[in-house]
Amino acid sequence: MLIRYKKSFEKIAMGLLSFMPEEKKEVKKLQQTIKEYEENEQWQLYLWKEEDILGAIGIEYRNDGEVVIQHVSVNPSHRHQGIGQRMVKALKELLGDQYTFCSNSYTETFIEHCE
């Protein structure tokens with residue numbers, strides 16, 4: 001189930017985002033990314049929760065009705081179980097048909113795999 005990020009999940013979210021190539025496990029970069037999700041209304045971060053929080057998916061709303069999927073990350077011990085695909089599907093269902101979804105250079109291959 002997708003849940004909206006909130007400050008109490010900061011360490012978990014940073015841990016999950018640290019697996020993204022552009023974040024490179026650099027603490028300052030991760031803190032900057034989390035701050036952007038907390039302060040920028042155009043950026044939204046969702047976490048995937050089953051019994052525990054297992055994944056994160058982050059988006060940026062664009063003015064033209066486009067949603068860029070910026071981050072998709074799953075805990076390495078839970079990969080290859082379809083969690084990433086379920087996150088993308090749940091996000092699209094949550095936001096509805098009014099948006100066009102696209103990826104960035106870091107999420108492009110995975111998003112294409114989901115379709």
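Five strands form an open sheet in this predicted model. Their order is 1-2-3-4-5, and the pairing is mixed. Strand 1 (2-4) and strand 5 (100-103) are the edge strands. Each of these two pairs on one side only. From one strand to the next, the twist averages 35 degrees.

What holds such strands side by side? Strands of a sheet pair through backbone hydrogen bonds, either parallel or antiparallel.

Look next at strand 2 (residues 43-49) and strand 3 (residues 53-61). These two run antiparallel, joined by 7 bridges. Within this pair, Leu45 stands opposite Gly58 of strand 3.

Now add a helix. Helix 1 (residues 10-17) packs on the sheet. There, helix 1 touches strand 2, strand 3 and strand 4. The direction of helix 1 makes about 80 degrees with that of strand 3.

Move on to strand 4, which spans residues 66-74. His71 has its place in this strand. Is His71 buried or exposed? His71 is buried, because its relative accessible area is 4%, under the 20% limit for that label.

Several residues surround His71. Leaving aside residues up to four places away in sequence, His71 touches Leu17, Met20, Glu22, Glu23, Thr33, Tyr37, Ala56, Ile57, Gly58 and Thr107. Gly58, the residue opposite Leu45, is therefore also one of the contacts of the buried His71.

Which residue shares a polar contact with the side chain of His71? The partner is Tyr37. The two side chains are joined by a polar contact of 2.6 Å.

Methods. Residues are numbered from 1 along each chain as its sequence is written. This is a predicted model: local features need pLDDT of at least 70, side-chain atom pairs count only at pLDDT 80 or more; totals for chains, interfaces and linings use all residues. Side-chain values use heavy atoms; hydrogens and water are left out. Helices (H or I, at least four residues) and strands (E, at least two) are DSSP runs, numbered from the N terminus. Buried means under 20% relative accessible area, exposed over 50%, partly exposed in between (1.4 Å probe, protein chains only). A polar contact is a pair of N or O atoms within 3.5 Å; within protein, one must be able to donate a hydrogen and the other to accept it, and residues adjacent in sequence count only if both atoms are side-chain atoms. Contact means heavy atoms within 4.5 Å. Two strands pair if DSSP finds at least two bridges between them. Axes are lines fitted to C-alpha atoms, for helices over the stretch in contact, and angles run from 0 to 180 degrees between N-to-C directions.
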